There are 2 protein chains.
Amino acid sequence: MTSVAHDQKLDSLLAVAARVFAERGYDSTSMRDLARASGVSLAGLYYYVQSKEELLFLIQSRNFEAVLEGMRDRLADATDPLEKLIRFIDNHLDYFASHMAEMKVLSHEAGALTGDYLTQVNTTKREYTRALMDILADVERTHGPAHVNRRVAAYSLFGMMNWIYNWYDPFGDVAVQALSQSVCRLFLGGYIGLPVSESALPRTTAG
Amino acid sequence: MTSVAHDQKLDSLLAVAARVFAERGYDSTSMRDLARASGVSLAGLYYYVQSKEELLFLIQSRNFEAVLEGMRDRLADATDPLEKLIRFIDNHLDYFASHMAEMKVLSHEAGALTGDYLTQVNTTKREYTRALMDILADVERTHGPAHVNRRVAAYSLFGMMNWIYNWYDPFGDVAVQALSQSVCRLFLGGYIGLPVSESALPRTTAG
DNA sequence: GTTCACCCTGAACGATCGTTCGAAGACGCC
DNA sequence: GGCGTCTTCGAACGATCGTTCAGGGTGAAC
């Protein structure tokens, strides 16, 4: 049925597709481009995938689920709402920086999916957004009233974090930890007027 | 040569194109789609425009120039660096909210241009980014050291502001002024730890 | 040695793409 | 009426798109 070799080949196809989609954009990437980039014949792609849109869907859903799962793991043993928020941001940027191509495709080609594909990804998106909103509500309970509307704050934070595919270079002179610290400081300082101390900021998370 | 009627027709074509590009995306919008949406024949479009890419270029460059010009106007009589920054944000969001389709095309289809078109828009983009960086440098001089790296802060602010095409509804329950105030509070609170007082925040700018 | 499921391919399908071309209305000016 | 310029159009061009299909290897199972 689903052999290991088959799954591995599909994974590598998804990796190639994510890279090309990120470079050229989903719509202007042809299946022939992907065939060339992956070394598989044009028809051979359709042995592993039903359609071009399924390729996009698999990239988006798998990586989004990974972000969601990573968040749940990191939040599992967090008690302080503020720490939860910091870990939420840290998880998001960590995954983003180590999967730039995939996350660019997830952020930038959100509107390219249709039908059930779109519905399913949107469900995950709603769940993820809800998780952040709940954390923000907790933060407000324990650290006084927020300075801005919660929904505006949530989407502003997503904007800060998801925009990085437009400028951030994970191999440049700003390390991921520094980026994460900066975003935490920026957001927390404005949201609840809290100067974030060094100790509270996220650090390198091994593994 | 360039009659008024001609220019007006081109303007309306650009408005239609911006709307459709924002809805369906540049790449998956066909010239036939634009012909249908504008009531002009397919061949008729090419009387006003040399190519599909020129349509995208005109939308991006004209609106970007408008944002740039609006910023220069609003900054002309500002002395305090903090006030400059607030006006910069206010101008950006004001224009964004009143030209959502055009600005979505500008933000989202930035990578769709090529050659000289791309070079020209990128020149404007660099100028605009430089303006913000200069303001931030001024703010740091007059309001103490920043809490985060200036370049990271600048792009985070652009992220907050440009991401709004993904969620913001200008006709919803969050007015543009409220949005602008929120972004100012969020950014300034985190950037220099300054709680922004009501009086310092932007208000409705008539005209 | 035959069978069979799995993996992959060249060639083609119909559809749609951006763009062009020659010509025909519209309209003021002589 | 005739002329020239500005607008607009139907029809077609070659290219490229996503997808399909019939078939050829391959290697383990019997």
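Select DNA strand C and the residues near it, meaning those whose C-beta atom, placed from the backbone, lies within 6 Å. In this predicted model, 20 residues surround DNA strand C, and the closest are A:Ser41, A:Ala43, A:Gly44, B:Ser30 and B:Ser51. Residues are numbered from 1 along each chain as its sequence is written, while chains are lettered from A and ligands numbered from 1 in the order in which they are written. Because the model is predicted, local features need pLDDT of at least 70 and side-chain atom pairs count only at pLDDT 80 or more, whereas totals for chains, interfaces and linings use all residues.

Next, colour the helices (DSSP runs of H or I, at least four residues, numbered from the N terminus). H3(A) gives the largest share of the surface near DNA strand C, 4 residues. At least two residues each come from H1 (4–24) and H3 (42–48) of chain A and from H2 (31–38), H3 (42–48) and H4 (52–76) of chain B.

Then select H8 (150–162) of chain A and H9 (176–191) of chain B, which pack at about 60 degrees with axes 10 Å apart; axes are lines fitted to C-alpha atoms over the stretch in contact, and angles run from 0 to 180 degrees between N-to-C directions. Here A:Val152, A:Ala153 and A:Ser156 meet B:Leu179, B:Ser182, B:Val183 and B:Leu186, contact requiring C-beta atoms, placed from the backbone, within 7 Å.

Finally, superpose chain B on chain A by least squares on C-alpha atoms of residues with pLDDT of at least 70 in both. A rotation of 180 degrees with 0.0 Å of shift along its axis achieves this (RMSD 0.0 Å); the two copies are thus related as by a two-fold rotation axis.

How values were computed
Two residues are in contact if their C-beta atoms, placed from the backbone, lie within 7 Å.
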